[in-house]
Amino acid sequence: MGETERRINAVWFSPTGTTQVVAEVLAQSICRNLGSDAVFKSRSFTLPGEREKPLEFGKDDIVVLGVPVYAGRVPNILLKYLDTMNGGGALGVPVVLYGNRDYDDALIELKDIMEGKNFNVIGAGAFIGEHSFSRILAEGRPDGKDIESVEGFGAKISEKLKVGNINGAVEVKGNKPYRPYYRPRDIEGNFYDFRKIKPKTNDNCTDCKICVDVCPMGSIDSDDVSKFTGICIKCGACVKKCPVEAKYYDDVNYLKHQHELEDENKDRKEPELFI
Ligand SMILES: Cc1cc2nc3c(=O)[nH]c(=O)nc-3n(C[C@H](O)[C@H](O)[C@H](O)COP(=O)(O)O)c2cc1C
C-alpha cells in the first residue's frame with residue numbers, strides 16, 4: 001500500500017484573476033516538486049454560490065490560500081466566511097496579491113486567520129497583480145518574472161517539507177495591532193466613503209450577462225444589468241471582464257484616487273517571500 005495521497009490545494013478569492021494565477025501556479029509548483037503522491041486541486045470562493053459551503057481541510061492537505069489586498073488588509077467582506085473555515089491540521093501558505101501600492105497588514109492578518117483556524121503555516125508570500133482600479137498600474141502582472149518567483153517559492157516550500165522542517169514559526173512583515181483600513185481622500189482632502197460608488201453601463205452593452213455571472217457580491221440585476229441590487233466592493237470584475245467595455249466608473253473621487261495611485265506607485269515592487 002502506498003502512502004495517503006497528499007492534496008495540494010489552491011484556494012482563492014479572485015475577482016480579476018491575478019490571485020487565482022499566483023495561487024494555482026504556487027500550488028502546482030509545490031505539487032510537482034513533491035512528486036508522485038501529490039495531487040493538485042483548485043477551489044474558488046469568489047462567487048456567492050461558492051461561499052455557501054465552508055472551506056474544510058485535514059492533515060493530508062496543503063492549502064495555498066490567496067486573497068487580494070483591499071485597503072491594506074484582507075477584504076473585510078470575506079472575514080465572516082473565513083471564520084467558518086477549518087484547517088483540520090493542514091499545512092497552510094497564505095498568499096496576498098496587491099496592486100503595487102502596498103500590502104500593509106494583509107499578509108500578517110491572513111496568516112493569523114489561518115493559524116486561528118487550525119492551519120500550520122509553513123510559508124507566506126506577497127505578490128503584485130494589476131490594480132483592480134486601473135489598466136496601467138502594475139499592468140499585466142503577475143508577469144513572467146513574477147511567475148518565476150512563484151515557481152521558485154514552490155520549490156523552496158517543497159524542499160522544506162521534504163526535510164521535515166515544519167514546526168518553526170514563520171515571521172511575515174506587518175504590524176500588530178493591524179493598522180486601520182487604508183482610506184482614500186476626496187478632491188477636498190477629506191476621507192471619502194467609497195462604498196456608495198457603483199459602476200455605470202454604457203451603450204456598448206449587449207446584455208450578455210457576463211457581469212451578472214462574475215460579480216462576487218451577486219449584486220447585478222439579471223433582468224436589467226445596469227441596475228445594482230446589492231453592494232459594490234469595487235473589485236473590478238464587471239469592468240475588466242466585460243468583453244465590450246460597457247462597465248465603467250465615473251465618480252470623480254474614484255477617478256481621483258485611481259490617478260493618484262497610478263502617479264504615486266510607478267516604481268515596480270517585487271514579490272516578498274517568507275519561509
Ligand atoms: C477595494 C480595493 C482595495 C484595494 N486596496 C489595495 C491596497 O491597499 N494596496 C494595493 O496595492 N492594492 C490594492 N488593491 C488592488 C488589488 O489588491 C490588486 O489589484 C489585486 O491584484 C487584485 O486581485 P484579483 O485580480 O485577484 O481580483 C485594491 C483593490 C480593491 C478592489
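1. Start with glycine 164. In this predicted model, glycine 164 sits just after H4 and takes a positive phi of about 80°.

2. Next, the helix before that glycine. H4 covers residues 144–163, 20 residues in total. From first C-alpha to last, H4 reaches 29 Å. That is close to the 28 Å expected at 1.5 Å a residue.

3. Which residues of H4 are buried? They are Asp146, Ser149, Val150, Phe153, Gly154, Ile157 and Ser158. Their packing partners are H1, S4, strand S6 (124–128) and strand S9 (272–274).

4. Now the ligand. Its surroundings comprise 26 residues. Thr19, Pro68, Gly99, Arg101 and Gly129 are the closest. Two elements give two or more residues to this shell: helix H1 (18–34) and strand S4 (91–98). Both H1 and S4 also pack against the buried residues of H4.

5. What is the make-up of the ligand shell by class? Polar residues number 12, nonpolar residues 10 and charged residues 4.

6. Two domains supply the shell. Domain 1 (6–178) and domain 2 (194–262) each contribute at least three residues to the shell around the ligand.

7. On annotation, UniProt lists residues 8–158 as "domain: Flavodoxin-like", in an unreviewed entry. In the model, the end C-alpha atoms of residues 8–158 lie 11 Å apart. Helix makes up 31% of that span and strand 23%. Note the end point: the UniProt range stops at 158, whereas H4 runs to residue 163.

Key
Residues are numbered from 1 along each chain as its sequence is written. This is a predicted model: local features need pLDDT of at least 70, side-chain atom pairs count only at pLDDT 80 or more; totals for chains, interfaces and linings use all residues. A residue is near a molecule or strand if its C-beta atom, placed from the backbone, lies within 6 Å of it. Helices (H or I, at least four residues) and strands (E, at least two) are DSSP runs, numbered from the N terminus. Ala, Val, Leu, Ile, Met, Phe, Trp, Tyr, Cys and Pro count as nonpolar, Asp, Glu, Lys and Arg as charged, and the others, Gly among them, as polar. Domain bounds come from an automatic or database domain assignment. The expected span of a helix is 1.5 Å times one less than its number of residues. A residue is buried if 20 or more other C-beta atoms lie within 10 Å of its own, exposed if 12 or fewer, and partly exposed in between; C-beta atoms are placed from the backbone. Two residues are in contact if their C-beta atoms, placed from the backbone, lie within 7 Å. UniProt positions are given in the numbering used here, feature names are shortened, and annotations may be inferred rather than shown by experiment.
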